[in-house]
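Here's a quick tour of how a few helices pack together in one protein. Have the structure open while you read.

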Amino acid sequence: MAKNLVDLLWRDESSAAAGGRRGPRARRSTAEVISRAIELADHTDLDAVTIRALAQSLELPPMSIYTHVNSRADLLVLMVDVMHSRMRVRSVEEVGWPARVRAVAEDNLDLLRGHPWVLDIADQRAALGPGTIAKYDRELHAFDDTGLGDVERDAALSFLLDFVRAAATRMRESAEKEQFGAFWAEAGPRLSTHVGEDYPLARSVGQAAGESMGAAYDADVAWEFGLARVVDGLRAIIGERPGS
């Protein structure tokens, strides 16, 4: 019988409230199944997380996995929610919402860089899980004392997290192409002789940026610049709100 995904997401809380599960104990718990799936994703990639591969890793028959999760899609949702519950949250010593917003951005970047496969899961059902709801509640507090209304606070957080996700995606792509740095060292000067004076702005800016970064693109530079602009954009809105 198919299990309701919401019940699966809240299984620990529901079990504790009911005083524990009755009946024979399974060889593996649902938590163990999800944790092993996360280990597989961390050691390889998300494509490697299949029901069959997970069952082999746990020394279980494939059909037994379905006693814990309904499908691979549901499994991925459960994995994301667990990752959100495990997030490291840094303490903020500076006063004010800009420092809190930066901390939220950096915490999420740490998660996505440490577990890049999370970027490949865009299932909105993860928003229903306890780990994700706790994360959402915590991160909304970054905008305390800003004067933003409820809808604006939600939009501001979405704006911030969308930027983090985009930046993490570019960082992953950049990490996969580290060899470009050596190529750029030779190609940069050679390219300038071909570009000539046809594209003067591209030549001057590209040369200055390339020399500064040692590559055609530096994800860390883009991150610092972009995050500062995100904070500036939020400041323009928050500064107009009473009580900010």
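What follows walks through some helix contacts and then the nonpolar core, all in a predicted model.

## α3 against α4

Let's start with helix α3 (residues 30-43) and helix α4 (residues 51-58), whose axes come within 10 Å and cross at roughly 110°. That crossing angle makes α3 roughly perpendicular to α4, because angles of 65 to 115 degrees count that way.

Which residues make the contact? On the α3 side they're Glu-32, Val-33, Arg-36, Ala-37 and Leu-40, and α4 brings Ala-53, Leu-54, Ser-57 and Leu-58. Sorted by class, this contact of α3 with α4 has 6 nonpolar, 1 polar and 2 charged residues.

## The two sides of α4

α4 has a buried set made up of Ile-51, Leu-54, Ala-55 and Leu-58. Why do they sit on the same side of α4? Because they cover an arc of only 100° around the axis. The spacing fits a general rule: an α-helix has 3.6 residues a turn, so residues three or four places apart point the same way.

Flip to the other side of α4 and you'll find Arg-52 and Gln-56 exposed. As for the buried residues of α4, their cover includes α3, α5 (62-65) and α6 (72-85). Right after α4 comes Glu-59, which has a positive phi, near 60°.

## α3 against α6

α3 also packs on α6, at an angle of about 85° and with the axes 10 Å apart. These two helices, α3 and α6, are therefore roughly perpendicular to each other.

Here Ile-34, Ala-37, Ile-38 and Ala-41 in α3 meet Leu-75, Leu-78, Met-79, Val-82 and Met-83 in α6. The class breakdown for the contact of α3 with α6 is 9 nonpolar, no polar and no charged residues. Ala-37 turns up here, and Ala-37 is also part of the α3 contact with α4.

## The nonpolar core

Now zoom out to the largest nonpolar core, which has 58 residues. The ones with the most contacts inside this core are Ile-65, Met-79, Trp-117, Phe-143 and Trp-223. Met-79 is one you've already met, in the contact between α3 and α6. Elements giving two or more residues to the core are α1 (5-9), α3, α4, α6, α7 (97-114), α9 (150-175) and α12 (219-238).

What does Ile-65 touch? Leaving out residues up to four places away in sequence, Ile-65 touches Val-33, Ile-51, Leu-54, Ala-55, Leu-58 and Leu-60. Among them are the buried residues of α4: Ile-51, Leu-54, Ala-55 and Leu-58.

Definitions and conventions: Residues are numbered from 1 along each chain as its sequence is written. This is a predicted model: local features need pLDDT of at least 70, side-chain atom pairs count only at pLDDT 80 or more; totals for chains, interfaces and linings use all residues. Side-chain values use heavy atoms; hydrogens and water are left out. Axes are lines fitted to C-alpha atoms, for helices over the stretch in contact, and angles run from 0 to 180 degrees between N-to-C directions. Helices (H or I, at least four residues) and strands (E, at least two) are DSSP runs, numbered from the N terminus. Angles under 35 degrees count as roughly parallel, over 145 as roughly antiparallel, 65 to 115 as roughly perpendicular and the rest as oblique. Contact means heavy atoms within 4.5 Å. Ala, Val, Leu, Ile, Met, Phe, Trp, Tyr, Cys and Pro count as nonpolar, Asp, Glu, Lys and Arg as charged, and the others, Gly among them, as polar. Buried means under 20% relative accessible area, exposed over 50%, partly exposed in between (1.4 Å probe, protein chains only). The arc is that of the directions from the helix axis to the C-beta atoms. A nonpolar core is a set of buried Ala, Val, Leu, Ile, Met, Phe, Trp, Tyr and Cys residues joined through side-chain atoms within 4.5 Å.
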